[in-house]
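Colleague: Can you walk me through this model? I will ask short questions and jump around a bit.

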Amino acid sequence: MKKDPRVVFGRCMMLGLAWTVLAFLVVPMAIVVPVSFTDQYFLSLPKEGLSLQHYAAFFEKDIWISATLDSLIVAIASTICALFLGTLCAIGCWRLASNRAEMVRTFMLTPIIVPTIVQALAMYRFWIDLGIMDTYFGLILAHTLIAVPYVVVTVSSSLANFDVRLEQASRNLGGSTSQTIRWVIVPSIMPGILSGALFAFTISFDEIVVALFITSRNVYTLPKRIWDGIQDHLDPTIASIATMLIAITLALLLTELWARQRQRAKRTARIDIGGE
Amino acid sequence: MHASLSRVYWLLIAPAVLLMLVFYIYPLVQVLWISVTDPVPGFGNYMELIDRPLIHRIWITTLRICVITTSITVIAGYAVAYAMAQVGERQRTWMMFCLLLTFWLSVLIRAFAWVMLLRTQGIVNTGLQEMGLIDEPLRLVRNEFGVIVGMVHFMLPLAVLPIYSNMTGIEARLVSAARGLGASPFEAFFNIYLPLSKPGIIAATILVFVFSLGFFITPALLGGGKVVMISEYIQVSFEETLRWGQATMLASTLLFSVLLSLALVARFVDLKKVFGAR
């Protein structure tokens, strides 16, 4: 059958438009990479040759290294807390499977929809009353609250594919609740827990609005330094940080895709064997 | 289920819920409370929404930017989602990869990239000048143009994902049937495909609108103090003037606007699906 020229035209238009939009997404971030190797002292594309001076500035200056460490401490601690709380909550809701449990799960999503500035203002006020302003504990607590919903979502979606009978079997064989969770449920929902961990970590590592409100000098995270750097004089060091973050994001994304593919492969295998 | 067993499961839920109630919900309620009690009890703070022209202007700026951002994002996002639904597996993976890379990359870094490109001595302006296309640098940031570019860039992945996930459920043979019955490709698209993809469009529209309303980082960095949206004004009125009554009133109004938008959309689509799709 001869192809309708109108169909061919429409298809070309569609692909052209879609890739233009995607280029709009990716190209600005890609340009940061060559800029980070510039030999100039201000932000621009390399002129004479490539230079690592802005990477050196990052690794040599105390303010950048200590900010990175602060961010890592807060992100790792709040990821662990959010994973623990979120996973237990998701398991409880999933096993209860009642209307009330469903309401709890919806309730746990609140921090996703509340505008960041509103929660920052609210936390600022309450954190003063508690005396935990500008402390690691205060920021870790705040980031835990913001990250928990994402863990609940990813773990819940993993649990939706988990066979309830495995849990019952463990109980019938005499397993206690903690043993059942530790040895039966958690290993089976690992992909959900891992992508929850990725969400929690990136959210905390990237979080700026709450950090601007509830920390000042004592805790100074990387996003806060970047924020200052952009507003003051557009420090070229940020281009080198940006390039490193792009590399890390690529690595995390590939890990996440890999985990998802493995989960899918596992599910297909189970269907092949069990004929669900 | 056995009653004692069910109690055990409630115990698993309790820590997360209690933490959320004490450290998240209570502070939010406190904000609402302050907005009607500080400096004097009553709705005095809310009268400013009606009385003060400055606040009118900021709300109008916010709404205008949100509407423009949402329209551009949803149309561009629809184009990408539609292409993704039509192309082969390989090309789709690449498209998804571009979207997810943008989605996961730090929002600060993305705003930084745009400031770097668009500022007066930025890469776009110097490039255009070297090519001799312009004499004077164009004003591309510290105005609404820059803010909208940055916001569309942030929101696009959020728009594509729900539209695309809705499109995967559309029966492709319906379009073929329309074509077989004599419809032109354009008629088939506008009369069959577009109406079927409406739930995805509605979900994306509200999602983008809601996130735009309370957006802080990108407008603050790309607006450079010249374009002030409601979120930034809340920060300013809190940090510079320390007027808690006004700041909490604006925050409460913002929160209610978001909740209202979500209540509206809940009538059309399953919200949990929209948020779970991330």
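Colleague: How much area do chain A and chain B bury between them?

Modeller: This is a predicted model, so every value here is computed from it. Chain A and chain B bury about 8,300 Å² between them, and 84% of that is on carbon and sulfur atoms. The size of an interface is often given in this way, as the accessible area lost when the parts come together.

Colleague: Which helix of chain A gives the most to the side that touches chain B?

Modeller: Helix α1 of chain A, residues 5-36, with 18 residues.

Colleague: And how many residues are in contact across the two chains?

Modeller: On the chain A side there are 91, in contact with 88 residues of chain B.

Colleague: How many salt bridges are there between chain A and chain B?

Modeller: The count is zero. For polar contact, the count between chain A and chain B is seven residue pairs, with both residues at pLDDT 80 or more.

Colleague: Let's turn to chain B. How many helices and strands does chain B have?

Modeller: Chain B has 14 helices and zero strands. Read from the N terminus, every element in the run is therefore an α.

Colleague: What does the C-alpha trace of chain B span?

Modeller: About 75 × 70 × 35 Å along its principal axes.

Colleague: What share of chain B counts as buried?

Modeller: Of its 278 residues, 53%. Chain B exposes about 12,700 Å², with carbon and sulfur atoms supplying 67% of that area.

Colleague: What about contacts in chain B between residues at least 6 apart in sequence: what share join residues at least 24 apart?

Modeller: The share is 70%.

Colleague: Pick one residue. Is B:Ser231 buried or exposed?

Modeller: B:Ser231 has a relative accessible area of 0%, so it counts as buried. Its place is in helix α12 of chain B, residues 230-239.

Colleague: What is B:Ser231 in contact with, leaving aside neighbours within four places in sequence?

Modeller: One contact of B:Ser231 is in chain A, namely A:Ile117. In chain B, B:Ser231 is in contact with B:Leu213, B:Gly214, B:Phe215, B:Phe216 and B:Leu254.

Colleague: Where is B:Leu158 found?

Modeller: In helix α7 of chain B, residues 144-167. B:Leu158 is buried as well, at a relative accessible area of 6%. Its C-alpha atom is separated by 23 Å from that of B:Val228, and the two residues are 70 apart along the chain.

Colleague: Back to salt bridges. How many are there over all chains?

Modeller: A search of the whole structure finds nine. Side chains of opposite charge can pair when their charged atoms come close. One of the pairs is B:Arg243 with B:Glu48, at 2.7 Å from N to O.

Colleague: Where do B:Arg243 and B:Glu48 lie?

Modeller: B:Arg243 lies in the loop between α12 and α13 of chain B, while B:Glu48 is in helix α2, residues 44-51. The pair therefore ties together parts that are 195 residues apart in sequence. B:Arg243 is partly exposed at 35% relative accessible area, whereas B:Glu48 counts as buried at 11%.

Colleague: How far apart in the sequence are B:Glu89 and B:Arg92?

Modeller: They are three residues apart in helix α4 of chain B, so about one helical turn separates them. They form a salt bridge too, with their closest N and O atoms 3.4 Å apart. B:Glu89 is exposed, with a relative accessible area of 56%.

Colleague: Which residue does B:Glu171 meet in a salt bridge?

Modeller: B:Arg173, at 3.2 Å from N to O. B:Glu171 counts as partly exposed at 38% relative accessibility, and B:Arg173 as exposed at 60%. In chain A, salt bridges that share partners join A:Arg95, A:Glu167 and A:Arg171 into one network.

Colleague: Last topic, the surface. Which residues make the nonpolar patch of about 440 Å²?

Modeller: A:Leu69, A:Leu72, A:Ile73, A:Ile76 and A:Ile80. A:Ile73 lies in helix α3 of chain A, residues 62-96.

Colleague: Why does A:Ile73 count as partly exposed?

Modeller: Because its relative accessibility is 44%, and partly exposed covers what falls between under 20% and over 50%.

Note on methods
Residues are numbered from 1 along each chain as its sequence is written. Chains are lettered from A and ligands numbered from 1 in the order in which they are written. Side-chain values use heavy atoms; hydrogens and water are left out. Helices (H or I, at least four residues) and strands (E, at least two) are DSSP runs, numbered from the N terminus. Buried means under 20% relative accessible area, exposed over 50%, partly exposed in between (1.4 Å probe, protein chains only). Contact means heavy atoms within 4.5 Å. Patches are made of residues with over 30% relative accessible area and no salt bridge: like charges are joined within 9 Å, nonpolar side chains (Val, Leu, Ile, Met, Phe, Trp, Tyr) within 5 Å. Accessible areas come from the Shrake-Rupley method with a 1.4 Å probe; for residues, only the protein chains shown count as cover. A salt bridge is a side-chain nitrogen of Lys or Arg within 4 Å of a carboxyl oxygen of Asp or Glu. Buried area is the accessible area (1.4 Å probe) that two parts lose on being put together, summed over both. A polar contact is a pair of N or O atoms within 3.5 Å; within protein, one must be able to donate a hydrogen and the other to accept it, and residues adjacent in sequence count only if both atoms are side-chain atoms.
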